[in-house]
Amino acid sequence: MSDKLKLKSVARLDGEWYFSVWDGSSDTTHWVKLGGRRPHGGISVDAYNPDTNVALVSTQRGRFLVVMKEPDSSGEIEQKVVSADNSADQVERELEEAMADLDAPRQTRVTRRQILDMIK
């Protein structure tokens, strides 16, 4: 188990599994298809058990079992329903847009000391 990797979301589209994996070492989130690999992050999801929400994730640092955390509250989960009338191309574009939103850089607060350490 690793606390540097988190399984944030799991989706199944046209029979293919997709995973949102957070990498704590780089503070980035990547969408990865089961059996696929992200070129820049080097993250792949090699196996997944939907009954237990456990994934085998490979990174440059090794292979790890990652368990999806249960929600903290019993609140409703926001869902986006895609009409069955949509074309496969439109569904693919919407999925790519959602993935791009999750991969977009986040604004973080950086201290002066951190900046000085970065430029040394």
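Both Phe-19 and Tyr-48 are buried in this predicted model. The two residues form an aromatic pair: the ring centres lie 4.9 Å apart and the planes meet at 65°, so the arrangement is edge-to-face, the angle being over the 60 degrees that this class requires. The pair brings together distant parts of the chain, since Phe-19 belongs to strand S2 (residues 16–23) and Tyr-48 to strand S4 (residues 44–49), with the two positions 29 residues apart in the numbering. The structure holds two aromatic pairs, and ring pairs join Trp-17, Phe-19 and Tyr-48 into a cluster.

Tyr-48 also has a place in a sheet, where the residue stands opposite Ala-55 in S5. This sheet is open and consists of three strands in the order S4-S5-S6, with antiparallel pairing. S4 and strand S6 (62–67) occupy the edges; each has a single partner strand, so one side of each remains without a neighbour in the sheet. On average, neighbouring strands of the sheet are turned by 20° against each other, direction ignored.

The pairing within the sheet can be described strand by strand. S4 and S5 run antiparallel to each other and are paired over five bridges. These two strands form a hairpin with four residues between them, and in the turn Asn-53 has a positive phi of about 55°. Strand S5 (residues 54–59) is also paired with S6, again in the antiparallel sense, over six bridges. Here the hairpin connection from S5 to S6 passes through two residues. Among the facing positions of these two strands, Val-54 stands opposite Val-67 in S6, and Ser-58 stands opposite Arg-63 in S6.

A search of the whole structure finds three salt bridges. One of them involves Arg-63, whose side chain meets that of Asp-46 at an N to O distance of 3.4 Å. This contact links distant parts of the chain, with Asp-46 in strand S4 and Arg-63 in strand S6, 17 residues apart. S4 and S6 are the strands at the edges of the sheet, and the salt bridge therefore joins a residue of one edge strand to a residue of the other. The two partners differ in exposure: Asp-46 has a relative accessibility of 34% and counts as partly exposed, whereas Arg-63, at 53%, counts as exposed.

Another salt bridge is formed by Asp-23 and Arg-61, with the closest N and O atoms 3.3 Å apart. Asp-23 lies in strand S2 and Arg-61 in the loop between S5 and S6, so the pair ties together parts that are 38 residues apart in sequence. Asp-23 counts as buried because its relative accessibility is 5%, under the 20% limit for that class. Arg-61, in contrast, is partly exposed, with a relative accessibility of 43%.

The remaining salt bridge connects Lys-33 with Glu-16, whose closest N and O atoms are 3.8 Å apart. Lys-33 is located in strand S3 and Glu-16 in strand S2, and the pair thus links distant parts of the chain, 17 residues apart. Both partners fall into the intermediate class of exposure: Lys-33 is partly exposed at 37% relative accessibility, and Glu-16 is partly exposed with a relative accessible area of 33%.

Strand S3 (residues 28–33) also contains His-30. The relative accessible area of His-30 is 11%, and the residue is therefore buried. The side chain of His-30 makes a polar contact of 3.0 Å with the side chain of Thr-28.

Note on methods. Residues numbered from 1 in each chain as written. Predicted model: local features only at pLDDT ≥ 70, side-chain atom pairs only at ≥ 80, totals over all residues. Heavy atoms only, no water. Phe/Tyr/Trp six-rings, centres within 6.5 Å; stacked < 30°, edge-to-face > 60°. Buried < 20%, exposed > 50% of the residue type's maximum accessible area, 1.4 Å probe, protein only. Pairing = 2+ DSSP bridges. Axes fitted to C-alpha atoms, helices over the stretch in contact; angles between N-to-C directions. Polar contact = N/O pair within 3.5 Å; in protein donor to acceptor, adjacent residues only side chain to side chain. Salt bridge = Lys/Arg side-chain N within 4 Å of Asp/Glu carboxyl O.
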